[in-house]
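Q: Could you take a close look at one part of this protein for me, the link between cysteines, and then show how it sits within the chain as a whole?

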Amino acid sequence: QVQLVESGGGLVQIGGSLRLSCRTSVAGSIFSINNMGWYRQARGKQRDMVAVITSGGNTNYVDSVKGRFTISRDNAKNTVFLQMNSLEPEDTAVYYCYALVARSNVYTTYWGQGTQVTVSS
């Protein structure tokens, strides 16, 4: 069984910062976590990729957050982080983390429950 637990969302003013965390728990010992990342879904819109980080630390961001958001991970703790600075109202959304877990050469994507980020003036 795989669980992703997110934390760190909330209400922040324009220009403020938040740090999201997402820890992956996997039952059993023979597994690896490949890509980890964050998506977000604003009300009435589709879920879009925000940032992704590979197991080797390579990162990719959607253009709208480049220079403001930083994704990182702690492989020892199976945790991915999203540091969000200079937040804008357009960043308001439910943020979902995901992890690509490999077991016995089978790759499965798992999702967190989502955490609300609201940027207000």
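A: What follows begins with the cysteine link, moves to one buried arginine, and ends with the chain as a whole.

The model is a predicted one, and every value given here was computed from it. Counting the pairs of cysteine sulfur atoms that lie within 2.5 Å, one arrives at one disulfide. This disulfide joins C22 to C97, with a distance of 2.0 Å from S to S. The link of C22 and C97 is right-handed, with 50° about the S-S bond. In terms of the sequence, the pair ties together distant parts of the chain, since C22 belongs to strand β3, which covers residues 18-26, while C97 belongs to strand β9, which covers residues 93-103, and the two cysteines are 75 residues apart. As for their surroundings, both C22 and C97 are buried.

A second residue that repays a careful look is R68, which is found in the loop between β6 (59-61) and β7 (69-74). Is R68 buried or exposed? Its relative accessibility is 11%, and because a residue counts as buried when this value is under 20%, R68 counts as buried. If its neighbours within four places in sequence are left aside, R68 is in contact with Q83, M84, N85, S86, L87, E88 and D91.

With these two places in mind, one can turn to the chain as a whole. Its secondary structure comes to zero helices and eleven strands, so that, read along the sequence, the pattern is β-β-β-β-β-β-β-β-β-β-β. The radius of gyration of the chain is 14 Å, close to the 14 Å that the globule rule gives for 121 residues, and the chain is therefore as compact as a globular protein of that length. Along its principal axes, the C-alpha trace spans about 50 × 25 × 25 Å. Of the 121 residues, 39% count as buried, and C22 and C97 are both buried residues.

The contacts can be described in a similar way: among those with a separation of 6 or more, 54% are between residues 24 or more positions apart. On the outside, the accessible surface of the chain comes to about 6600 Å², and carbon and sulfur atoms account for 45% of this surface. Finally, the chain carries 11 positive and 7 negative side chains, and the centres of these two sets lie 8 Å apart.

Definitions and conventions:
Residues numbered from 1 in each chain as written. Predicted model: local features only at pLDDT ≥ 70, side-chain atom pairs only at ≥ 80, totals over all residues. Heavy atoms only, no water. Helix = DSSP H or I, 4+ residues; strand = E, 2+ residues; numbered from the N terminus. Buried < 20%, exposed > 50% of the residue type's maximum accessible area, 1.4 Å probe, protein only. Contact = heavy atoms within 4.5 Å. Rg over C-alpha atoms; globule rule 2.2 N^0.38 Å. Areas by Shrake-Rupley, 256 points an atom, 1.4 Å probe, with all protein chains shown as cover. Lys, Arg positive; Asp, Glu negative; His and termini not counted. Charge placed at Lys NZ, Arg CZ, Asp CG, Glu CD.
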